[in-house]
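Colleague: Please take a close look at the strand pairing here, and then at the charged side chains. Give the cut-offs as you go.

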Amino acid sequence: MTLDSAAAPLEIDPLLDDPATRIVVCCGSGGVGKTTTAAALGVRAAERGRKVVVLTIDPARRLAQSMGIDSLDNTPRQVKGVGGPGELHAMMLDMKRTFDEIVEAHADPDRARAILENPFYQSLSAGFAGTQEYMAMEKLGQLRARDDWDLIIVDTPPSRSALDFLDAPKRLGSFLDGKFIRLLMAPAKMGGRAGMKFLNVGMSMMTGTLGKLLGGQFLRDVQTFITAMDTMFGGFRTRADATYRLLQAPGTAFLVVAAPERDALREAAYFVERLAAEEMPLAGLVLNRVHGSGAARLSAERARAAAENLEDSRIVDQEAGNAQGRGSAVPEGSSPEASETHEPPLEAPAPDESDVSTLPAASAAPESVASVTTVEQLTAGLLRLHAERMQVLAREERTRDRFTALHPEVAVAEVPALPGDVHDLAGLRAIADRLAAGGTTS
């Protein structure tokens with residue numbers, strides 16, 4: 001499958017070589033190859049001279065394995081074996097550790113210790129909805145502020161929806177600004193007896209109900225956490241807003257990664273529209289795992305018809321063999337060879353080439369008979385497999401064409417599927433080569 005004229009080619013190398021490109025965000029629905037794409041881009045950019053760090057949020061740890069690193073953590077680690085003048089570093093987001101670093105950096109030691117030891121904080125930092133995506137944004141902001149790398153490639157979280165990465169800061173901000181949080185913060189802000197009076201009167205019904213459901217200790221933990229975090233809430237929102245603006249900056253490029261499947265491209269189309277609405281720079285679409293064929297000129301219809309002709313020919317063979325086995329008339333005194341010469345068949349081969357299944361059980365089939373039959377069966381089977389493959393290609397092409405018809409302005413690069421999994425730097429280079437060549441129209 002090749003790009004048609006409606007889809008502009010996505011040129012990867014000029015994007016990676018441009019020193020103005022400082023952040024590349026790989027996004028898309030789950031299971032479409034975002035992690036592999038991000039890693040392959042990192043390898044190619046480093047070998048072309050960039051100093052790159054790849055930030056992954058993929059819990060499967062495939063990135064570490066493919067880069068030959070025992071493990072990835074919250075600290076960037078240099079990848080060995082990368083050629084060229086650049087450098088490649090990789091890291092895996094540790095959500096809780098990133099949250100802890102924020103607390104330690106923006107609170108005095110006593111308050112930081114109180115926050116870190118608080119049970120509600122420990123639950124929030126480990127599994128609150130949207131925390132992973134928010135911490136990915138925080139880590140991106142930290143990496144960009146350090147200015148140790150001239151290119152940051154982000155592999156977005158494997159979320160139910162690719163939009164969670166953009167929505168998380170707003171969602172966490174809404175949580176921090178919510179009525180429940182403000183209500184719990186009120187006693188501490190009022191202070192003294194007034195605060196206690198407010199707590200006892202204004203919250204008696206709520207705390208009574210929640211205390212039965214969650215336990216009174218839980219509410220006390222929440223209140224303690226909010227009191228300690230009060231001065232930091234504004235910082236969370238400020239940094240989230242700053243990172244959001246960073247994603248809108250000209251030095252950022254979004255790559256939407258998808259598979260040539262209906263659901264994945266529907267999600268990709270939704271993300272393209274969302275990026276446009278948020279005024280975020282879209283570089284293009286990476287269409288991953290595209291199937292191809294070296295015999296594309298043989299259509300599915302012709303392959304299937306050829307397979308049927310072979311199978312029909314075998315049916316004719318069986319009939320001829322059965323007729324001969326039933327004792328068809330042979331002139332007295334003449335040999336079987338003479339009878340063949342007297343009346344040769346039009347289509348069916350000679351009786352001694354009949355299907356093995358039509359011969360009497362006691363007779364032994366010659367090796368040539370078995371081999372001819374096997375070749376026919378294999379050929380018909382391969383033709384049918386080719387027909388199925390061509391149907392897959394046609395379906396993928398129709399799906400892609402629907403996307404490009406809706407979004408003709410989106411540049412597309414197609415990455416042919418590899419025969420096996422990627423598990424080392426050589427595999428990542430192969431992906432990168434295919435990705436760089438995938439925007440051609442030939």
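Modeller: The sheet comes first, then the salt bridges and a charged patch.

This is a predicted model, in which local features need pLDDT of at least 70 and side-chain atom pairs count only at pLDDT 80 or more, while totals for chains, interfaces and linings use all residues. Residues are numbered from 1 along each chain as its sequence is written, and side-chain values use heavy atoms, with hydrogens and water left out.

Helices (H or I, at least four residues) and strands (E, at least two) are DSSP runs, numbered from the N terminus. Two strands count as paired if DSSP finds at least two bridges between them. On that basis eight strands make up an open sheet with mixed pairing, in the order β3-β4-β2-β5-β1-β6-β7-β8. Its edge strands, β3 (77–78) and β8 (412–416), each pair on one side only. Strands of a sheet pair through backbone hydrogen bonds, either parallel or antiparallel. At the β3 edge, two bridges connect β3 to strand β4 (residues 87–92) in the antiparallel sense, with R77 opposite A90 in β4.

Strand β5 (residues 151–155) has parallel partners in β2 and β1. Five bridges join β5 to strand β2 (residues 51–56), running parallel, and V53 stands opposite I152 in β5. Strand β1 (residues 23–27) also pairs with β5 in the parallel sense, over four bridges; here C26 faces D155 of β5.

For cover, buried means under 20% relative accessible area, exposed over 50%, and partly exposed in between (1.4 Å probe, protein chains only). Five of the five residues in β5 are buried. In a regular strand the side chains alternate between the two faces of the sheet. In β5, L151, I153 and D155 point one way, while I152 and V154 point the other way, and all are buried.

Turning to charges, a salt bridge is a side-chain nitrogen of Lys or Arg within 4 Å of a carboxyl oxygen of Asp or Glu. By this rule the model has 20 salt bridges. One of them joins R429 and E47 at 2.8 Å, N to O. That pair links distant parts of the chain, with R429 in helix α17 (residues 425–437) and E47 in helix α2 (residues 34–47), 382 residues apart. R429 is partly exposed at 28%, as is E47 at 24%.

R400 and D401 also meet in a salt bridge, at 2.5 Å, N to O. R400 counts as buried at 1% relative accessibility, whereas D401 is partly exposed at 26%. In another pair, R144 and D147, the N to O distance is 3.6 Å; R144 is partly exposed at 25% and D147 is partly exposed at 48%. A network of salt bridges links K96, R97, D100, E101, E104 and K139.

Patches are made of residues with over 30% relative accessible area and no salt bridge, with like charges joined within 9 Å and nonpolar side chains (Val, Leu, Ile, Met, Phe, Trp, Tyr) within 5 Å. Areas come from the Shrake-Rupley method with a 1.4 Å probe, and for residues only the protein chains shown count as cover. Lys and Arg count as positive and Asp and Glu as negative, without His and the chain ends; charges are placed at NZ of Lys, CZ of Arg, CG of Asp or CD of Glu. R262, R395, R398 and R402 form a positive surface patch. Helix α16 (residues 367–406) gives the most to this patch, with three residues. R402 lies in helix α16 and is partly exposed, at 47%.
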